[in-house]
Amino acid sequence: ARPVRPRELQVKSKVSESAYELSCFVPAVALGGYDSAIGDPAGQPLLGFTYALLDRMLGLQTFSIGPGFPYEEDPSCWAQVRLVE
């Protein structure tokens with residue numbers, strides 16, 4: 001996959017005393033295999049998804065499973081998201 005170009009991803013964050021919220025917009029061209037020259041998200045609407053955040057107070061926070069599993073490289077450890085218009 002090609003590297004994601006600057007400004008392709010749009011991120012918005014909101015912090016309160018008890019929580020934080022992070023929103024991200026990822027255009028199709030930033031998804032390997034889903035740009036118009038290679039594929040069509042409408043024809044394959046499921047995408048593997050995971051994240052890992054390093055919280056200064058709570059340590060590593062992952063979406064589904066923790067560091068005991070190879071979530072960084074094994075997509076079978078990921079959840080699935082459905083792409084919508």
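**Exercise 1. The salt bridge and its two partners**

Is Glu8 buried or exposed, judged by its relative accessibility? Then find its charged partner and classify that residue in the same way.

*Solution.* The structure is a predicted model, and every value below is computed from it. Step one is to take the relative accessibility of Glu8, which is 13%; because buried means under 20%, Glu8 counts as buried. Step two is to look for the partner: Glu8 forms a salt bridge with Arg5, and the closest N and O atoms are 3.8 Å apart, which lies within the 4 Å that the rule allows. Step three is to classify Arg5, whose relative accessibility of 51% makes it exposed, since the exposed class begins over 50%. The bridge therefore joins a buried acidic residue to an exposed basic one. The count of salt bridges by this rule comes to one.

**Exercise 2. A backbone angle in the first segment**

Which sign does phi have at Arg7, and where in the chain does Arg7 lie?

*Solution.* Phi of Arg7 is positive, at about 75 degrees, although Arg7 is not a glycine. Placing the residue along the chain puts Arg7 in the segment before strand 1. Its relative accessibility of 80% means that Arg7 counts as exposed.

**Exercise 3. The fold in outline**

How many helices and how many strands does the chain have, and which pattern do they follow? Add what share of the residues is buried.

*Solution.* The assignment gives zero helices and six strands, so that the pattern read along the sequence is β-β-β-β-β-β. Of the 85 residues, 9% count as buried. The accessible surface of the chain comes to about 7300 Å², and carbon and sulfur atoms account for 56% of this area. Turning to contacts between residues at least 6 apart in sequence, one finds that 30% of them join residues at least 24 apart.

**Exercise 4. The nonpolar patch**

Which elements give two or more residues to the nonpolar patch on the surface?

*Solution.* Begin with the membership: the patch is formed by Val4, Leu9, Val11, Val15, Tyr20, Leu22, Val26, Phe49, Tyr51, Leu53 and Phe63, which together have about 980 Å² of accessible area. Mapping these residues onto the secondary structure shows that strand 1 (10-15) and strand 2 (20-25) are the elements that give two or more residues. As a check on one member, Leu53 is placed in strand 4 (residues 52-55), and at 30% relative accessibility Leu53 counts as partly exposed.

**Exercise 5. The aromatic cluster**

Which three residues form the aromatic cluster, and how are their rings arranged?

*Solution.* The structure holds three aromatic pairs. In one of these, the ring centres of Phe49 and Tyr51 are 6.1 Å apart and the planes stand at 65 degrees, and because an angle over 60 degrees is classed as edge-to-face, this pair is edge-to-face. In another, the ring centres of Tyr51 and Phe63 are 5.4 Å apart with planes at 55 degrees, so this pair is tilted. The second pair links distant parts of the chain, with Tyr51 in the loop between strand 3 (46-49) and strand 4, and Phe63, 12 residues apart from Tyr51, in the loop between strand 5 (59-62) and strand 6 (79-82). Phe49, Tyr51 and Phe63 thus form one aromatic cluster. Each member is partly exposed, with relative accessibilities of 31% for Phe49, 35% for Tyr51 and 36% for Phe63.

**Exercise 6. Ile65 and the cysteines**

Which residues does Ile65 touch, once those up to four places away in sequence are left out? Then say how many disulfides the whole structure has.

*Solution.* Ile65 is found in the loop between strand 5 and strand 6, and its relative accessibility of 24% makes it partly exposed. With residues up to four places away in sequence not counted, Ile65 touches Tyr71 and Cys77. The C-alpha atoms of Ile65 and Tyr51 are 9.9 Å apart in space, with the two residues 14 apart in sequence. Moving on to the cysteines, Cys77 counts as buried at 13% relative accessibility, whereas Cys24 is partly exposed at 48%. The search of the whole structure finds zero disulfides.

Notes. Residues numbered from 1 in each chain as written. Predicted model: local features only at pLDDT ≥ 70, side-chain atom pairs only at ≥ 80, totals over all residues. Heavy atoms only, no water. Disulfide = S-S within 2.5 Å. Buried < 20%, exposed > 50% of the residue type's maximum accessible area, 1.4 Å probe, protein only. Patch = residues over 30% accessible without salt bridge, like charges linked within 9 Å, V, L, I, M, F, W, Y side chains within 5 Å. Areas by Shrake-Rupley, 256 points an atom, 1.4 Å probe, with all protein chains shown as cover. Salt bridge = Lys/Arg side-chain N within 4 Å of Asp/Glu carboxyl O. Helix = DSSP H or I, 4+ residues; strand = E, 2+ residues; numbered from the N terminus. Phe/Tyr/Trp six-rings, centres within 6.5 Å; stacked < 30°, edge-to-face > 60°. Contact = heavy atoms within 4.5 Å.
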